[in-house]
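User: Please take a close look at a single part of this structure and set it in the context of its surroundings. A connected account would be preferred.

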Amino acid sequence: MGELKYHYEYPHPCVTTDCVIFGFDGTRLNVLLIERGVEPFKGQWAFPGGFLKMAETALEGAKRELFEETGLKDAYIQQFHTFTDPQRDIRDGARVITIAYYALVKKSEVMGGDDAAKAQWFPLDKVPSLAFDHDKILREATHALRRQIHFEPIGFELLPEPFTMTELQRLYEAILNVKFDRRNFCNKMLKLGILNQLEETRLMPNKKEAFLYTFNPENYSELKEKGFRLEF
């Protein structure tokens, strides 16, 4: 075989994708972690991820890993950062760049894949020390989620359909780590016009009937085209 044209000898880094999978339990934001079965960091928790295949894009790789770990094919997934620290992987001679995504899923729809026996949900404030630089990845993912919620209706992927106003408020409080006045939050969300109020209600623990809602993506798209930003 002759010499390949434009073929250069130089070290090539490996590329992986890691996915921070968020779920909501009705009160707190949770993340799905996988217990590593091999070295390095055997027995420690980490985010689902793996090496990118030669014939797939980063998004395709992230979706593949997400499906293998959760069984979900159509979850909301968003790239938020690329981590390139030369020392982020401690394996000898390794130079690993990871393209990080976060996914928003309904916990009830997560079926589990090949690693289901090693997967576990953790509340965001109860996450143990993670392998590699995944503690940093989690901080960046959480910050990205909090920023994005002001520009995209991303929180609705975490809620049941339909949902109550209380569930929506608790979700936004969990993501933003704040507390809202119940009446003010309700009035703000209704005035935006991005919710459809249904005729049916749900009996709450306090024995009161609560209206049920669905998200109105058409109205939201119209507001966004006008430069809409959701402020609290």
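Analyst: Asp133 touches Phe83 and Arg88 when residues up to four places away in sequence are not counted, a contact being heavy atoms within 4.5 Å. The model is predicted, and local features need pLDDT of at least 70, side-chain atom pairs count only at pLDDT 80 or more, and totals for chains, interfaces and linings use all residues. Residues are numbered from 1 along each chain as its sequence is written, and side-chain values use heavy atoms, with hydrogens and water left out.

Asp133 is found in the loop between strand 7 and helix 2. Helices (H or I, at least four residues) and strands (E, at least two) are DSSP runs, numbered from the N terminus. At 15% relative accessibility, Asp133 counts as buried; this term means under 20% relative accessible area, whereas exposed means over 50% and partly exposed lies in between (1.4 Å probe, protein chains only).

One of the two contacts of Asp133 is also a charge pair. Asp133 forms a salt bridge with Arg88, with 2.8 Å between the closest N and O atoms; such a bridge is a side-chain nitrogen of Lys or Arg within 4 Å of a carboxyl oxygen of Asp or Glu. The two partners are 45 residues apart and link distant parts of the chain, since Arg88 belongs to the loop between strand 5 and strand 6. Arg88 is also buried, with a relative accessible area of 8%. Side chains of opposite charge can pair when their charged atoms come close.

Helix 2 follows. Its 15 residues should span 21 Å at 1.5 Å a residue, and the distance of 20 Å between its end C-alpha atoms agrees with this; the expected span is 1.5 Å times one less than the number of residues. The buried residues of helix 2 are His134, Ile137, Leu138, Ala141, Thr142, Ala144 and Leu145. These residues cover an arc of only 165° around the axis, which puts them on the same side of helix 2; the arc is that of the directions from the helix axis to the C-beta atoms. An α-helix has 3.6 residues a turn, so residues three or four places apart point the same way.

What covers this side? The cover of the buried residues of helix 2 includes strand 1, strand 2, strand 3 (45-46), strand 5, strand 6 and helix 3. Thr142, which lies in helix 2, counts as buried because its relative accessibility is 9%. Beyond four places in sequence, Thr142 touches Phe22 and Leu124.

Helix 2 also takes part in the interior of the model. The largest nonpolar core has 45 residues, and Val20, Tyr102 and Leu168 have the most contacts inside it; a core of this kind is a set of buried Ala, Val, Leu, Ile, Met, Phe, Trp, Tyr and Cys residues joined through side-chain atoms within 4.5 Å. Elements giving two or more residues to this core include strand 1 (14-24), strand 5 (76-83), strand 6 (96-104), helix 2 (134-148) and helix 3 (165-176). The largest share, seven residues, comes from helix 3. In soluble globular proteins, nonpolar side chains tend to be buried together.

Tyr102 shows how helix 2 meets its surroundings: among the residues that Tyr102 touches, beyond four places in sequence, are Ala141, Ala144, Leu145 and Gln148, together with Val20, Phe22, Tyr76 and Phe80. A second, separate core of 14 residues includes Ala58, Ala75, Ile77 and Val105.

The pair of Asp133 and Arg88 may finally be set beside other charge pairs, for the structure holds six salt bridges. Glu68 forms a salt bridge with Arg64, the closest N and O atoms being 3.7 Å apart. Both residues lie in helix 1 (residues 58-70), four residues apart, or about one turn of the helix. Glu68 is partly exposed at 28% relative accessible area, whereas Arg64 counts as buried at 18%. Another salt bridge joins Glu173 and Lys179, with closest N and O atoms 4.0 Å apart. Here Glu173 counts as buried at 11% relative accessibility, while Lys179 is exposed, with a relative accessible area of 73%. Salt bridges that share partners also join Glu56, Arg64, Glu65 and Glu68 into one network.
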